[in-house]
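Me: Could you take me through one part of this model up close, starting from the strand side of things? I'd like to hear what packs there and which charged side chains pair up.

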Amino acid sequence: MNRNLAVGLVLVLGLQSGVRAQDANPLDTVMNSAKDKKFTGSPITLKLKDADINEVLRLIGEASGFNVVVSPGVSGKVTVSLEDVPWDQALDVVMTTLNLAAERFESILRVMPRDVLLKEKQSFLDAEKMASQAAPRITRVFPISYADLNQLSALLKGFLSTAQSTQADSTAAGLSSIQVDQNTQSLIVRDTAEGVERVRKMIALLDVQTPQIMIEAKVIDATESFTHTIDGKFGLSAGSSSLSINGAALAGSSSGGSAPGGIGQSASQQAAQGSVNSFKLGIGSSFTLNAILNYSEAENRANVITSPRLVVLSGKTAALIQGGQLAVETITNTVAGPQNGFTFLNYNTSLNVTPRATNDGSVFMKLNLQRDIVQTAIGAQPTIAPRSVNTEVVVDSGNTLVLGGIQSSQETSASTGFPFLRKLPLLGWLFGTENQTADKNELMFFVTPKIINAKKTSLNDGGPQEPEAKPANL
């Protein structure tokens with residue numbers, strides 16, 4: 001450094017050894033700072049007046065600890081006054097001020113005028129293009145197993161060595177080509193050795209099996225009903241007078257009628273109508289007490305499980321249908337009179353799904369699951385009751401998801417009989433009737449997707465990402 005420069009220079013580095021210890025890789029610091037303008041270098045202070053740019057770059061290089069090579073075309077003077085700024089920011093400001101550019105080469109940073117660097121890069125690209133055009137071409141045949149030939153061919157043309165050629169280079173571009181042979185399901189690639197290797201790697205990554213997905217669905221339709229009935233009848237007679245409550249006629253009465261539920265009936269008649277709980281109490285021939293108590297319970301349970309299952313390629317639509325037809329009688333009025341006919345209604349169990357395997361091993365599905373049932377009411381025409389779900393979901397491969405469900409319950413109770421007496425504890429059952437009914441219904445939809453060939457696809461949880469491709473040499 002000359003004396004004039006020393007007079008106008010005050011350089012404060014503040015523990016230079018500590019600066020180098022912090023900047024483990026100063027070249028990375030410089031390149032990252034120029035890219036995203038986030039400066040992380042150790043702070044320095046520079047106060048320079050009319051200083052030669054070469055000396056400034058040398059000082060910054062010594063402060064940062066990296067190697068700097070300055071091009072002969074770099075010249076000029078600069079006056080700076082920077083205090084406690086990162087050294088990589090100081091370097092960026094100085095190069096921007098004098099229209100300079102830097103290029104990293106291993107452990108060395110080259111500094112030169114910006115236009116010189118641009119010309120150098122353009123010359124390098126032109127020489128590389130000429131070398132690529134002059135390189136010998138080789139031909140390889142790649143057998144394709146799974147990918148569509150035309151789609152794969154169009155995609156791979158962008159990876160040929162002459163893919164970036166302009167219209168003026170059409171002759172050179174014609175030296176490289178990809179042809180499709182449908183007969184042998186192969187691609188014929190002609191390019192430089194480097195271009196053929198690049199195409200080979202892409203084929204190894206793209207020519208893999210499409211994920212196959214097994215979809216298993218379940219529809220569970222469970223019903224449960226419970227009925228509880230207590231029916232009591234009471235009769236009393238004294239001499240020629242009688243009293244009947246809730247329809248219990250008296251045995252041995254003057255009318256000689258028969259009583260419903262067994263009073264006054266023969267043993268064969270009672271057996272024909274079923275057993276009842278009854279008792280008869282008589283005192284002499286003038287007083288008779290009759291009572292009937294019916295108690296019954298009924299419980300019904302039904303559990304229907306429908307489980308359609310199918311296998312489909314990722315991205316394709318598949319449908320599975322099982323069903324029948326229901327004949328419903330119809331009456332049409334004509335001039336000749338009413339005409340009877342039939343209408344046929346379809347009822348199905350169907351699964352319609354379009355799955356797509358994701359790269360994280362999940363399955364995205366557009367799914368429609370339907371199960372129709374036939375309902376028949378007493379004295380009415382049968383009808384079709386649909387049960388279906390239509391949704392879009394994402395499920396991990398092999399896991400089961402509850403798509404939805406409906407749960408319904410209904411409870412009813414009824415009580416009739418003689419006022420006041422039917423509410424007596426225990427004895428009240430002889431003077432009235434009680435009915436209780438409880439119905440429950442549960443409908444649930446489940447789905448379980450599973451990728452069955454994950455190890456042979458390009459999914460992240462599958463096998464190797466670059467299977468071996470074996471081209472044939474010509």
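Reply: Here is a walk around strand 10, with its core, its charged pairs and one buried acid.

First, some ground rules: this is a predicted model, so to speak, with local features needing pLDDT of at least 70 and side-chain atom pairs counting only at pLDDT 80 or more, while totals for chains, interfaces and linings use all residues. Residues are numbered from 1 along each chain as its sequence is written, and side-chain values use heavy atoms, leaving out hydrogens and water.

Strand 10 covers residues 212-238; strands here are DSSP runs of E, at least two residues long, and helices are runs of H or I with at least four, both numbered from the N terminus. Strand 10 gives two or more residues to the largest nonpolar core, as do strand 14 (309-313), strand 16 (337-357), strand 17 (362-375), strand 18 (383-396) and strand 20 (432-451). That core has 24 residues, and I215, M365, L367 and L369 have the most contacts inside it. By "core" I mean buried Ala, Val, Leu, Ile, Met, Phe, Trp, Tyr and Cys residues joined through side-chain atoms within 4.5 Å. Leaving aside residues up to four places away in sequence, I215 touches a long list, including L310, L351, V353, M365, L367 and V447; contact means heavy atoms within 4.5 Å.

Now the charges. E216 pairs with R309 in a salt bridge at 3.0 Å, N to O, where a salt bridge is a side-chain nitrogen of Lys or Arg within 4 Å of a carboxyl oxygen of Asp or Glu. R309 sits in strand 14 and E216 in strand 10, so the pair ties together parts 93 residues apart in sequence. E216 is buried at 18% relative accessible area, whereas R309 is partly exposed at 48%. The cut-offs are under 20% for buried, over 50% for exposed and partly exposed in between (1.4 Å probe, protein chains only). R309 is also among the residues that I215 touches.

Further along strand 10 comes D221, which counts as buried at 7% relative accessibility. Its side chain makes a polar contact of 3.4 Å with that of N441; such a contact is a pair of N or O atoms within 3.5 Å, where within protein one must be able to donate a hydrogen and the other to accept it, and residues adjacent in sequence count only if both atoms are side-chain atoms. Not counting residues up to four places away in sequence, D221 also touches R371 and R387, among others.
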